[in-house]
Amino acid sequence: MATYLISDLHLDESRPDTTRAFFDFLKGPAAGAEALYILGDFFEVWIGDDDDAPLAAEVAQQLQEYAAAGTKVFLMHGNRDFLLGEAFARRCGAALLADPSLVELAGQPVLLMHGDSLCTLDQEYMAFREQARNPQWQQALLAKPLQERRQIAAQIRAVSKSMNSRKAEDIMDVTPEEVVRVMQEHQVHTLIHGHTHRPARHRLELDGEPAERIVLGDWGDLAWCIRADKDSLELIHWPTA
Ligand code: MN
């Protein structure tokens, strides 16, 4: 039985094609899988589990049916959907997964991350990340009315967009030294993450041994996943149209 990993679908009411591609994926290649790992930025924005927009309800229902058929579903936070909570995970039949998490895939220990914490050169973002992961800050935000949270989310996205347009390409990517540090800390030779929207398999050397960092792609015209079976990991993409 295979396990699938995906990230950065950025599901949004404005992109129904991506939502459809995701549902097709659940009914197609991922049907009957042992586990499905969703490694963050599943949603373009998340303002709280009490959001009454139809997209969240539709996604929860499809995932719940998928999980009920026997696949373990795991949700990791990304930098867009860090407010996604236990209540929504339960509605999906899914479990929230810490970032980073160590799992066994293809017969080896593999570290799973969203990937934003690896972009340490982006100091502006790292400061925001620390604030956004603060439970008090989150509670204060979640206590505001839904309408106000929608406005705040739109502001945060506008500011982030204008900040990112000024940043050099290498600042927006992972810091190679941080990749090595994290992999050594967790004693793995395989790291899987998303976030950067730069899907690739990067070979590296770690303590004199071959190691690999596999980056999942974001979903748009193409969809991306990693398929893990008992002894191999495969990075796959296909057109969504
Ligand atoms: Mn991200």
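## Exercises on a five-stranded sheet and helix α2

An open sheet of five strands runs in the order β5-β6-β7-β9-β8, with mixed pairing. Two strands pair if DSSP finds at least two bridges between them. Strands are DSSP runs of E, at least two residues, and helices are runs of H or I, at least four residues, numbered from the N terminus. The model is predicted: local features need pLDDT of at least 70, side-chain atom pairs count only at pLDDT 80 or more, and totals for chains, interfaces and linings use all residues. Residues are numbered from 1 along each chain as its sequence is written, and side-chain values use heavy atoms, without hydrogens and water.

**Exercise 1.** Find which strands stand at the edges of the sheet.

*Solution.*
- β5 (101-105) and β8 (200-206) stand at the edges.
- Each has a single partner strand, so one side of each has no neighbour in the sheet.

**Exercise 2.** Describe how β6 joins β7.

*Solution.*
- β6 (residues 108-112) and β7 (residues 190-193) run parallel, joined by two bridges.
- L112 has I192 in β7 as its bridge partner.

**Exercise 3.** Check the span of helix α2.

*Solution.*
- The expected span is 1.5 Å times one less than the number of residues.
- For the 15 residues of α2 (residues 54-68), this gives 21 Å.
- The end C-alpha atoms are 21 Å apart, which agrees.

**Exercise 4.** State which residues of α2 are buried (under 20% relative accessible area, 1.4 Å probe, protein chains only), and what they pack against.

*Solution.*
- L55, A56, V59, A60, Q62, L63, Y66 and A67 are buried.
- The buried residues pack against (heavy atoms within 4.5 Å) α1 (16-27), β2 (35-38), β3 (72-76) and α3 (86-91).
- After α2 comes G70, with a positive phi near 120 degrees.

Note on methods: Buried means under 20% relative accessible area, exposed over 50%, partly exposed in between (1.4 Å probe, protein chains only).
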